[in-house]
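Take a look at the structure shown here. This report walks through how its chains are built and how they meet.

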Number of protein chains: 2
Amino acid sequence: MSNRQKVAVIGLGSMGYGMAQSVLRGGHRVWGSDINQDRVARFRSEGGEAEELELVASEIDVVAVVVLNAQQTETVLFGENGIVPRLRAGAVVLACATVPPAFAREMAKRCEQRGVHYLDAPISGGAAKAASGALSIMASGTPEAFDAAAAVLDAIAERVFELGHTAGAGSAMKAVNQLLAGVHIATMAEALTFGMTQGIQPETFVEVISKCAGTSWMLENRAPHIVEGDYTPRSSINIWPKDLGIVLDIAKSADFDAPITATALDQFKAAAEMGLGWDDDAAVAKVYARKSGLTLPGES
Amino acid sequence: MSNRQKVAVIGLGSMGYGMAQSVLRGGHRVWGSDINQDRVARFRSEGGEAEELELVASEIDVVAVVVLNAQQTETVLFGENGIVPRLRAGAVVLACATVPPAFAREMAKRCEQRGVHYLDAPISGGAAKAASGALSIMASGTPEAFDAAAAVLDAIAERVFELGHTAGAGSAMKAVNQLLAGVHIATMAEALTFGMTQGIQPETFVEVISKCAGTSWMLENRAPHIVEGDYTPRSSINIWPKDLGIVLDIAKSADFDAPITATALDQFKAAAEMGLGWDDDAAVAKVYARKSGLTLPGES
């Protein structure tokens, strides 16, 4: 097998598009696919292959699936025009959406029944790292699945955590990460607005807390959006009812009580109900501000 | 005024003792005071002044108060044997406990009525940083209070955040920091044990999450205690019902709703009710483990 691989990237959203670019830059041939044809056309103009993916599916080495959730993943893999039945034996599916571990195990089983490898490979890092090939990937799967995906992982990831030989472990770690990330964003919003009631300006909050024991990766990343009054979505509110919902579904199946996660989820749901679903997730601060009559930077 | 100052450190617990050592190392004369006479004797044997503090109170330049809470602070300053009435005009009180902002304002007012400066100066960083003179201090007070405390601040702090000319702002920022720190510890415990239900070992949790977007300062500091099964108290469970209680009292006064903080507080209260009050605060993970039938490292 030449090192130059034939790669399909299905889902050219903010993460998938950047990943597809990174795979191209890695020297591979890349077929981009999306329900949005403008994105497909744009990717082709930047070096993507021009043929329809359906026509070359049997030659594809790696299929990266970078869609929103489990349902879309299943449709793309096994739906009416699903790609798995057309793949050659030994090809690998790199499944990047945040999904329940049990779903990942089921997809892996169905792929393996057709001789297709499956790497449970949720991603972390955001659009900028996707585009620069510097994602963190929480991956689990058979050694054969890792081998088959190695060249593409090299192209898209700065760091691959190898979490075992069974699909599901990667998704479990991603769920753990999302639990923390979601709670930390909502807690940042709670603390920042609480500080405002005590006369602490948001910029002072960021300046001081980012150097103290109360800091978090999410606080340092998201609180500046509030300081700047800029809610252009780098990652949107709507991610969190979905991802924390997955966390709580998994928790429920395991008879595990996650009260802090549930309380954070309530804040994101309240933000979505305020019509902020497609705003940057730092806009969860507006839930607190509205309740307490506070005026955030950039609001009048 | 010579740069060699006469400094009282009242409260020789894990923070105060280290601070007193740092002030000594800064070249100052230091009188240590504590209800525990063994600690006083030990500090004297390490270079502290041998005279009773009461006998030299009128010569003291700086009084650092490193007790547990507002009540103890008030007792030390204005109680039956309180030190403020014996201080010379121009001396400064460096008030380091976590207290409500309104309490700090009241103490400042009462000190100023006697010509004594008051620096609202809660500390952050833990016992190791206290001992090495590398604390972070969230300070507010008059320029005269900052000037009078400057030499001692130099000796104990790596970083002094100057938060304005009014006592209370320092305590407000400390409350904000404690809100975040407390929630982050409890959330780490929730996420770590949730991960265990999905087969993620605590050491894998730390290894992966500390390099991902879900990390926090507290997670990186406390989760290793769980991995090692070592609950020797670096900072105890009992801190949190106190500090998060202060946060919620302030919030209530401001008509501010802090649901995530309240939910985290419940976990620390549950830990205290399990008899873990004097264990390291990472032991809050045992609340989750007990509910879910999980066995943490070091437990049998």
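Two strands count as paired if DSSP finds at least two bridges between them. Strands of a sheet pair through backbone hydrogen bonds, either parallel or antiparallel. Keep that in mind while reading. The model is predicted.

**Strand 1 of chain B and its partners**

Start with strand 1 of chain B, residues 6–10. Four of its five residues are buried, so strand 1 is largely enclosed by the rest of the structure. Strand 1 of chain B runs parallel to strand 2 of chain B, residues 29–33, and five bridges join them. Strand 1 of chain B also runs parallel to strand 3 of chain B, residues 62–65, this time with four bridges. In chain A, strand 7 (residues 135–139) and strand 8 pair in the parallel sense over five bridges.

The table gives one pair of facing residues for each of these strand pairings.

| Residue | Opposite residue | Strand of the opposite residue |
|---|---|---|
| B:Val7 | B:Val30 | strand 2 of chain B |
| B:Val9 | B:Ala64 | strand 3 of chain B |
| A:Met138 | A:Phe161 | strand 8 of chain A |

How does the chain cross from strand 1 of chain B to strand 2 of chain B? The path goes through helix 1 of chain B, residues 14–25. This β-α-β crossover is right-handed.

**A sheet in chain A**

Chain A has an open sheet of three strands, in the order 6-7-8. Its pairing is mixed. Strand 6 (123–124) and strand 8 (157–162) of chain A are the edge strands, and each pairs on one side only.

**Two domains**

The domain assignment splits chain A into domain 1 (6–166) and domain 2 (171–292). The C-alpha centres of these two domains of chain A lie 29 Å apart. Where they meet, 14 residues of domain 1 of chain A contact 13 residues of domain 2 of chain A. The domain 1 side of that contact has nine nonpolar residues, four polar and one charged.

**One residue in focus**

B:Arg105 sits in helix 5 of chain B, residues 101–112. Is B:Arg105 buried or partly exposed? B:Arg105 is partly exposed, with 18 other C-beta atoms within 10 Å; a residue needs 20 or more to be buried. Leaving out residues up to four places away in sequence, B:Arg105 touches B:Ala167 and B:Gly168. B:Ser45 is 60 residues from B:Arg105 along the chain, and their C-alpha atoms are 36 Å apart.

**How the chains meet**

Now for the two chains together. The contact takes 51 residues from chain B and 51 residues from chain A. Several elements of chain B give two or more residues to its side, including strand 7 (135–139), strand 8 (157–162) and helix 8 (169–197). Helix 8 of chain B gives the most, with 17 residues. By class, the chain B side has 30 nonpolar, 15 polar and six charged residues.

Two copies of a chain are related by a rotation about an axis and a shift along it. Here, a turn of 180° and a shift of 0.0 Å along the axis lay chain B on chain A with an RMSD of 0.1 Å. That is the relation of a two-fold axis. Which residue of chain B comes closest to the rotation axis? B:Ser216 does, with its C-alpha at 1.9 Å.

The interface fits this picture of two copies. Of the interface residues of chain B, 100% are also interface residues in chain A, so the copies meet through the same surface.

Definitions and conventions
Residues are numbered from 1 along each chain as its sequence is written. Chains are lettered from A and ligands numbered from 1 in the order in which they are written. This is a predicted model: local features need pLDDT of at least 70, side-chain atom pairs count only at pLDDT 80 or more; totals for chains, interfaces and linings use all residues. Two residues are in contact if their C-beta atoms, placed from the backbone, lie within 7 Å. Ala, Val, Leu, Ile, Met, Phe, Trp, Tyr, Cys and Pro count as nonpolar, Asp, Glu, Lys and Arg as charged, and the others, Gly among them, as polar. Domain bounds come from an automatic or database domain assignment. Copies are superposed by least squares on the C-alpha atoms of residues with pLDDT of at least 70 in both. A residue is buried if 20 or more other C-beta atoms lie within 10 Å of its own, exposed if 12 or fewer, and partly exposed in between; C-beta atoms are placed from the backbone. A crossover is right-handed if, with the strands pointing away from the viewer, the path from the first strand over the helix to the second runs clockwise.
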